[in-house]
Amino acid sequence: MLEIRNLHASAAEREILRGIDLTVNAGEVHAIMGPNGSGKSTLAHVLSGREPYEVTALLEMAPEERARAGIFLAFQYPVEIPGVSTTYFLKAALNATRKHRGLEELDAMDFLALLKEKTALVEMDQGLLNRPINEGFSGGEKKRNEIFQMAVLDPKLAILDETDSGLDIDALRIVAHGVDQLRNKDRATILITHYQRLLNYIIPDYVHVLFDGRIVTSGGKELAHELEQRGYSWIEERLQAGSVS
Amino acid sequence: MTELEEARERYCADFERFKQKAARNGGGWTYPLRKTAISRFAEVGFPTTRDEEWKYTSVAPIVKVRFRRADPRPNGVVPRALAQTGAGELAKNRLVFVNGHYSERLSSVGSLPGGVKVESLAAALVNDPAAVEPYLARHASYQDHAFVALNTAFMEDGAFVHVPKGCVIDEPIHLLFVSTSNGEATVSYPRNLIVIDSDSQVKIVESYVEVGGRGYLTNGVTEVIAGENSVIDHCKLERENETAFHVATLQARLGRSSNFVSHSITLGGALIRNDVNVMLDGEGGDCTLNGLYLGTGERHIDNHTRIDHMKPHCVSRELYKGILDGKVKAVFNGKIVVGKDARKTDAKQTNRNLLLSEEATIDTKPQLEIFNNDVKCSHASTIGRLDENALFYLRSRGLGLETARALLTYAFASEVVNQIKIAPVRAGLDDLLTARLQKICQA
Ligand SMILES: Nc1ncnc2c1ncn2[C@@H]1O[C@H](COP(=O)(O)OP(=O)(O)O)[C@@H](O)[C@H]1O
Ligand SMILES: [Mg+2]
């Protein structure tokens, strides 16, 4: 599904990602954890084709081409877009993707039915769909809107950038439930998170720790617990001691 | 002799030829007015960029063309050509003017409440001077605006709308100005007079389209006199081609507790200058001036607005938005004058501009002159580009770059479009904008 070798990315003359190797197969859930500023969002963005990073080791593809090929990014900070309703834009997005896959455009009825089903999945108020994208939404509503869009677009590779951050426990449970429901054998998922708590709801197959632009250690779900208990400084100490390669 | 002086003499000489015609046509009583106006023009001549009000707009491209006054050509437009512009179908009540002259054949007015007049000004000048004379040219000042002076001197036709007291007209009244051409550069002087008596309500749409006209000049003036407690919705749609010159003044005087909404939409033209002036002349008046200008190529679009708060407790809201592509030069100048008696004035002005190219420019200037302390006035102006984060967000969902750009640009415009209350106008404009923006964003 996704295989990256020695990925580097820099912006403003600064190297942010400094050689990342990552292989994610269909059906797997990979958690990527790391302290603030370690490069988690940058990794998510370059995988989605964001400019203007200087990137090596990735195919040159525009963001929309990646999206149509099946990459979905749930933004850490979803953008507010005045004047464009979620319904309108999502219909255009879905049909662009369907066209790319050689499918017919959905008619209005089928599209509405799809919206109804997927809003239920994340317990989202359907009224929000006719409002401008994310404008005036609460933090929780914005994150739900991301997972809702993911459900509608049905990606092959879902990248969730701190979808859990800033959520109260109820919203977290709803969002995590939505993501877990969308887990299937064809879909690969990268869960970027700063906290271990999301992983109580979604059990990852692998956990990677990103530190200063590199994946410094990988393991199973128990690695997340260890991180939670010992903090990121534990990684730092191990790095300094030279025990992590 | 400079080009400007030569042009001034040319127009004055033309007036000597025109005045016999004006007298012959029966509106002879207007002669003193016309004479005063042309004398004023003879004194001031065309403005230059040394003129504060014309600082960023040179009228040289207009001045150097030898326009001929447009003749009435009632058969010059076939209804089919008109229908293709889509403009004909906006409203049941429509007065159509071809090159500034009323066309009875193309016009149609449904049944209106008794006492309401919706007719050609040329006819009213002759048949109904008592209804026209108290208002005509009493509000749009020809003293300090050369083009208003020329319009006042040369006006021949336009719409006369009079709504008597306590009369509500739901159906919009569409004044449609169509320009054709027989290869010559012509000038027309549309003149509209809209008098709404107290407690009445009306919606007026003024649109300018071309059916094959090229290189012509429209020099228009519309006067609106709003009585006490009246409600007026005015919408101007300018959608001529990239060779047209268009200079127009909308002058409104608002009585006590009246409500005036103006939308000025500029989608075409080579050189456009719109003046919208509102005099809040009674306590508790409320006015909204909105505008949207979309420019491509090498167009020059100048919007000047002026709101005079003369009396207490008046509210004014102003939102002008511009979308500028190519090498367009745009100007926004918004003046708000708060008189010494206008306590509790509440005025808010906003001008936002979206630049789609490196070469498009905008000169935007708010001008507040406040002679009372007990007021709330604010203004803001911005110049920006499409938000990169929003673009990436849309693209990351699968929308193509062009589609995403068009969608965000449309969203920028929709803040103005959505405020238009006349549904068919809003819908028609929506379609036009969507098509235009798709084209612009593909380039
Ligand atoms: N476009 C950019 N230009 C300059 N610096 C950037 C850019 N994007 C990210 N950075 C920097 O790269 C580092 C990693 O950022 P980010 O990927 O957002 O970290 P994380 O998501 O792990 O908190 C930070 O120091 C950030 O300031
Ligand atoms: Mg981040």
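These legends walk through close-up views of a predicted model.

**View 1. The shell of residues around ligand 1.** Welcome to the ligand site, where the surrounding residues come from chain A: A:Ala11, A:Arg14, A:Ile16, A:Pro35, A:Asn36, A:Gly37, A:Ser38, A:Gly39, A:Lys40, A:Ser41, A:Thr42 and A:Tyr53. By character, the shell splits into six polar, four nonpolar and two charged residues.

**View 2. Polar atoms beside the oxygens of ligand 1.** Have a look at A:Arg14, which places a polar side-chain atom 3.1 Å from an oxygen atom of the ligand. Backbone atoms take part here as well: an N or O atom of A:Gly37 sits 2.8 Å from a ligand oxygen, and a backbone N or O atom of A:Ser41 lies 2.9 Å from an oxygen atom of ligand 1. On its own, ligand 1 would expose 560 Å², and the protein buries 65% of that area. Two elements of chain A, strand 2 (14–24) and helix 1 (40–47), each supply two or more residues to the shell. Of the contributing elements, helix 1 of chain A gives the most, with three residues.

**View 3. Helix 1 of chain A and the residue just after it.** Staying with this helix, we find it mostly covered, as seven of its eight residues are buried. The buried ones are A:Lys40, A:Thr42, A:Leu43, A:Ala44, A:His45, A:Val46 and A:Leu47. Two of these buried residues, A:Lys40 and A:Thr42, also appear among the residues around ligand 1. If you follow the backbone just past the helix, you will meet A:Gly49, which adopts a positive phi of about 90 degrees.

**View 4. The largest nonpolar core.** This core holds 110 residues, and those with the most contacts inside it are A:Ile20, A:Ile81, A:Ile159, A:Ile190, B:Leu394 and B:Leu433. Helix 9 of chain B, spanning residues 401–417, provides the largest share of the core, namely nine residues. The core lies between domain 1 (70–387) and domain 2 (388–443) of chain B, because both domains give residues to it.

**View 5. A buried glutamine in chain B.** Our last stop is B:Gln367, found in strand 20 of chain B, which covers residues 361–370. Is this side chain's residue buried or exposed? B:Gln367 has a relative accessible area of 17%, so it counts as buried, the limit being under 20%. The side chain of B:Gln367 also has a partner, as a polar contact of 3.0 Å joins it to the side chain of B:Asn333.

Conventions. Residues are numbered from 1 along each chain as its sequence is written. Chains are lettered from A and ligands numbered from 1 in the order in which they are written. This is a predicted model: local features need pLDDT of at least 70, side-chain atom pairs count only at pLDDT 80 or more; totals for chains, interfaces and linings use all residues. Side-chain values use heavy atoms; hydrogens and water are left out. A residue is near a molecule or strand if one of its heavy atoms lies within 4 Å of it. A polar contact is a pair of N or O atoms within 3.5 Å; within protein, one must be able to donate a hydrogen and the other to accept it, and residues adjacent in sequence count only if both atoms are side-chain atoms. Accessible areas come from the Shrake-Rupley method with a 1.4 Å probe; for residues, only the protein chains shown count as cover. Helices (H or I, at least four residues) and strands (E, at least two) are DSSP runs, numbered from the N terminus. Ala, Val, Leu, Ile, Met, Phe, Trp, Tyr, Cys and Pro count as nonpolar, Asp, Glu, Lys and Arg as charged, and the others, Gly among them, as polar. A nonpolar core is a set of buried Ala, Val, Leu, Ile, Met, Phe, Trp, Tyr and Cys residues joined through side-chain atoms within 4.5 Å. Buried means under 20% relative accessible area, exposed over 50%, partly exposed in between (1.4 Å probe, protein chains only). Domain bounds come from an automatic or database domain assignment.
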